[in-house]
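Below is a short briefing on one chain, for reading alongside its sequence and structure. Confidence, overall make-up and one surface feature are taken in turn.

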Amino acid sequence: MLLNCLAKQIRALPSTFTAACRLSTVPIENSEFNEMEEPPMVYGGYTELRQAWVSNLDTIKENPSTIIDLHPQVFGSRPRIDIIHENVVWQRKYKYVSYANTKVTAEVNMSSKKPWPQKGQGRARHGTRRSPLFKGGSVIHGPRSHTTHFYMLPFYKRVYGLTSTLSVKLVQDDLHIVDNLDLPTDDPGYINDLVDSRLWGPSVLFIDDTDTMPRNISLALNQIKHMNLMPVYGLNVYSMLKHETLVLTVAAVKKIQDRLLYQLHRPDGHQATRKFMLNKQN
């Protein structure tokens, strides 16, 4: 009995630790523990996989069919609220262009005549009323039109922003996984009833692995402004936070995990962290 309890504790340890301590020769009474399963190589083997139900969209009533394993480095990472905020600020600013404009001295529509003689009146000397010292004159160091606020967020902050947002959505029970996006009808009322019956948020974002969406859900959501479709390559932090509920297909989950895990452990990470240069040649 004591050996069986010890064997269970050994199985919970990482394989590298057991190999280093040479504990593989401990006799085990029960044969089910003879073949040790190697723990997943995530966080040194100490973190368990996250799991979620795989549901359906072909019926209004939810019918969970299977359970899918979610990688903890993608769906179970520590949420960094500061990085999520930086991603939101970046996404709101990188496409913003300021059109505020002020006139310099040469652009002011006013006579360039000297306002009064240089000497003899006791006044300060001036050469033109276009000067910024006069009302209606020019503006010094004012905003000039077509000023972009674009900047590039560091590479790993963008990656951690996605993993943090996905983890927060999963913990808050706002992330749901379905087998596919096929609906039995293109009636918008069907998808509204489905969202109400499953207690999803009023705004829903559906994610699939391809940009060719099924016909029925495309027509149904075309008339609902607070529900949207998006392919995996368009997934971003701002859209996930803008919608209260996130619905992923199984294919989308696999593609998200593959891409984010590669970016987290890419061998050329030092090249991805180089300073961004506009119009750079690849």
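How much surface does the chain expose, and what share of it do carbon and sulfur atoms supply? The exposed surface comes to about 18200 Å², and carbon and sulfur atoms supply 53% of that area. The model is predicted, and its confidence varies along the chain as set out here.

**Confidence**
- The average pLDDT of the chain is 85, and 82% of the residues reach a score of at least 70.
- Residues 16–36 stay under 50 in pLDDT; for this stretch the model has 19 contacts beyond four places in sequence.
- Residues 38–44 also have a pLDDT below 50, and the model gives them 15 contacts beyond near neighbours in sequence.

**Overall make-up**
- The secondary structure consists of 10 helices and eight strands.
- The chain has 282 residues, of which 38% count as buried.
- Taking contacts between residues at least 6 apart in sequence, 71% join residues at least 24 apart.

**Nonpolar surface patch**
- Y94, F150, F276 and L278 make a nonpolar patch of about 370 Å² on the surface.
- Y94, one of these residues, is in the loop that runs between α4 (81–93) and β3 (97–98).
- The relative accessible area of Y94 is 33%, so this residue is classed as partly exposed.
- Patch residues must have over 30% relative accessible area, and Y94, at 33%, therefore passes that cut-off.

Note on methods:
Residues are numbered from 1 along each chain as its sequence is written. This is a predicted model: local features need pLDDT of at least 70, side-chain atom pairs count only at pLDDT 80 or more; totals for chains, interfaces and linings use all residues. Side-chain values use heavy atoms; hydrogens and water are left out. Patches are made of residues with over 30% relative accessible area and no salt bridge: like charges are joined within 9 Å, nonpolar side chains (Val, Leu, Ile, Met, Phe, Trp, Tyr) within 5 Å. Accessible areas come from the Shrake-Rupley method with a 1.4 Å probe; for residues, only the protein chains shown count as cover. A salt bridge is a side-chain nitrogen of Lys or Arg within 4 Å of a carboxyl oxygen of Asp or Glu. Helices (H or I, at least four residues) and strands (E, at least two) are DSSP runs, numbered from the N terminus. Buried means under 20% relative accessible area, exposed over 50%, partly exposed in between (1.4 Å probe, protein chains only). pLDDT is the predictor's confidence in each residue, from 0 to 100. Contact means heavy atoms within 4.5 Å.
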